[in-house]
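Here is a short report on a predicted model. It moves from the overall fold to the cores, the charged pairs and two helices.

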Amino acid sequence: MTIGNIAPKKERKSRKNKSIVDEKAPLLPKRQDDVGAEFDEFNGASFTGAVFNLSTTIVGAGIMALPATMKVLGLGLGIVMIIFMAFLTEASIELILRFSRAGKSSSYGGLMGDAFGKYGKIMLQICVMINNIGVLIVYMIIIGDVLSGTSSSGVHHAGVLEGWFGDQWWNGRAVVLSVTTVCIFAPLACFKRIDSLKFTSALSVALAVVFLVITVGIAIIKLISGGVMMPRLIPDVTDLTSLLNLFTVVPVLVTAYICHYNVHSIDNELEDSTQIKGVVRTSLALCSSVYIMTSFFGFLLFGDATLDDVLANYDTNLGIPYSSLLNDAVRVSYAAHLMLVFPIVFYPLRLNLDGLLFPTSRPLVLDNLRFALVSIGLIAVIFLGANFIPSIWDAFQFTGATAAVCLGFIFPAAITLKDRHNIATKKDKILAVFMIVLAVFSNLVAIYSDAYALIKRNTSPRE
């Protein structure tokens, strides 16, 4: 993968030579020069911290739905699509960074404003809000599934707490999510600078690796003992409906790689901003490897019984020693991972909502009351969504087919075709057209397929 020949401006080479970027600058640069004082003691983020933060942005809940995409696509085509989406994501980020350098934009919102004016920035803000609220709802749904159990597939899968203590009022979904929100999400959402989250990001990546290592270990043991069947390598297409169903995985794959809204935030805080291309390369390589291994071994373990949220599969006897202990370790480690990922995704969401509602107010970082009210309001909306949306697949389908595809492909492609600074090559414009056609076509088909399946499912009992 290559991030292209991004020619960084000399004054951006080191943070010490950068103009100070205010708290809103990552997505909503405005007249907020007085924020500089907040960062006088901050000498810049490290390469490692930036990689952890960007990797944490990418590897969130998407990883849990990827084994289910293998059930639709087959193992061979599924892995090819994961790799393809990684390259396409890198290409779109390269376009964003190159045009940001040319237009001297320090944010995705600023870049959209530079290309399309005020309404371009507003569209970006709305899409970040829809995408991030959807993703955070998915996080809460998974945490609820893991700790309290789920019946979204029609069969009840017990949660960890239910397995340990039985069915109690205090380990019900609403109570568990309430405690998690108040004791974990709310405190982590209080940080005002994204680099402050580098240690929780590092821990979250470590927990994801723990989940992956245990899953791989279980799969290898069962493979050696002959306890798993050969998985399907290609999709099972028998009619038009099954063909259209293949496109339903596209929004999930798109959502799994969306990190564009945090790239500028991380770049702005880097001590040496020329390192951003290395940060993106390293993060995408790391996350792609995790995605491939999780998808391969998760589908190998459960085959066509793989659920939309693969964590819910870890409530049965795996047929190996210490099965119950390993099941709990897998689920608890990833639930903890998602708890630590939450503030990384919440950070740009809060900035965008504040910029949309209070575009002329003083910086959010300087107004503690507004900071608290916006944070509480958003957390309340996410909490309610997690309690009323039954499945992560439903949430992924909506956010992936709408906001995520705009953030990841349509907006970067549109900026390239607009080419306000006359720096786009013929290759760039061909790639931009390809991104738009692929995004629009595949997501329209995915929406149609989902709607058709929903109507068919609702009418079939009456036939």
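## Overall build

Of the 463 residues in the protein chain, 56% count as buried. The chain has 15 helices and zero strands. Contacts reach far along the sequence. Among those between residues at least 6 apart, 84% join residues at least 24 apart.

## Nonpolar cores

The largest nonpolar core holds 117 residues. Tyr-291, Tyr-334, Phe-346 and Ile-382 have the most contacts inside this core. Helix α4, residues 108-148, gives the most to it, with 20 residues. A second core is separate and has seven residues, including Ile-194, Ile-344, Leu-351 and Leu-364.

## Salt bridges

Side chains of opposite charge can pair when their charged atoms come close. This structure holds seven salt bridges. Three of the pairs are tabulated here, with the N to O distance for each.

| Acidic residue | Basic residue | N to O distance |
|---|---|---|
| Asp-267 | Arg-101 | 3.1 Å |
| Asp-114 | Arg-420 | 2.9 Å |
| Asp-367 | Arg-370 | 3.2 Å |

Take the pair of Arg-101 and Asp-267, joined by a salt bridge between their side chains. Arg-101 sits in helix α3 and Asp-267 in helix α10 (residues 260-269), so the pair ties together parts that are 166 residues apart in sequence. Both Arg-101 and Asp-267 are buried.

Next come Asp-114 and Arg-420, whose side chains also meet in a salt bridge. This pair links distant parts of the chain, 306 residues apart. Asp-114 belongs to helix α4, while Arg-420 lies in the loop between α14 (392-418) and α15 (426-459). Arg-420 has a relative accessible area of 48%, so it is partly exposed.

The salt bridge of Asp-367 and Arg-370 has two buried partners. Asp-367 is at 17% relative accessibility, under the 20% cut-off, and therefore counts as buried. Arg-370 has a relative accessible area of 8%, so it is buried too.

Salt bridges also form a network that links Glu-94, Arg-98 and Asp-428.

## Helix α3 and Ser-92

Helix α3 has 29 residues. At 1.5 Å a residue they should span 42 Å, and the end C-alpha atoms are 42 Å apart, which agrees. Lys-104 follows α3, and its phi is positive, near 55°.

Ser-92 lies in α3, which covers residues 75-103. Is Ser-92 buried or exposed? Its relative accessibility is 0%, so Ser-92 counts as buried. Which side chain makes a polar contact with the side chain of Ser-92? That partner is His-260, at 2.8 Å. Neighbours within four places in sequence aside, Ser-92 is in contact with His-260, Gly-408, Phe-409, Pro-412 and Met-435.

## Helix α6

Helix α6 runs over residues 173-188 and has 16 residues. From its first C-alpha to its last, α6 reaches 21 Å, close to the 22 Å expected at 1.5 Å a residue. Where does α6 bend? The bend is at Thr-181 and comes to about 40°.

Thr-181 is one of the buried residues of α6. The others are Val-176, Leu-177, Thr-180, Phe-185 and Leu-188. An α-helix has 3.6 residues a turn, so residues three or four places apart point the same way.

Definitions and conventions
Residues numbered from 1 in each chain as written. Predicted model: local features only at pLDDT ≥ 70, side-chain atom pairs only at ≥ 80, totals over all residues. Heavy atoms only, no water. Helix = DSSP H or I, 4+ residues; strand = E, 2+ residues; numbered from the N terminus. Buried < 20%, exposed > 50% of the residue type's maximum accessible area, 1.4 Å probe, protein only. Polar contact = N/O pair within 3.5 Å; in protein donor to acceptor, adjacent residues only side chain to side chain. Contact = heavy atoms within 4.5 Å. Core = buried A, V, L, I, M, F, W, Y, C linked by side-chain atoms within 4.5 Å. Salt bridge = Lys/Arg side-chain N within 4 Å of Asp/Glu carboxyl O. Expected span 1.5 Å × (residues − 1). Bend = angle between axes of the 7 residues up to and from the residue.
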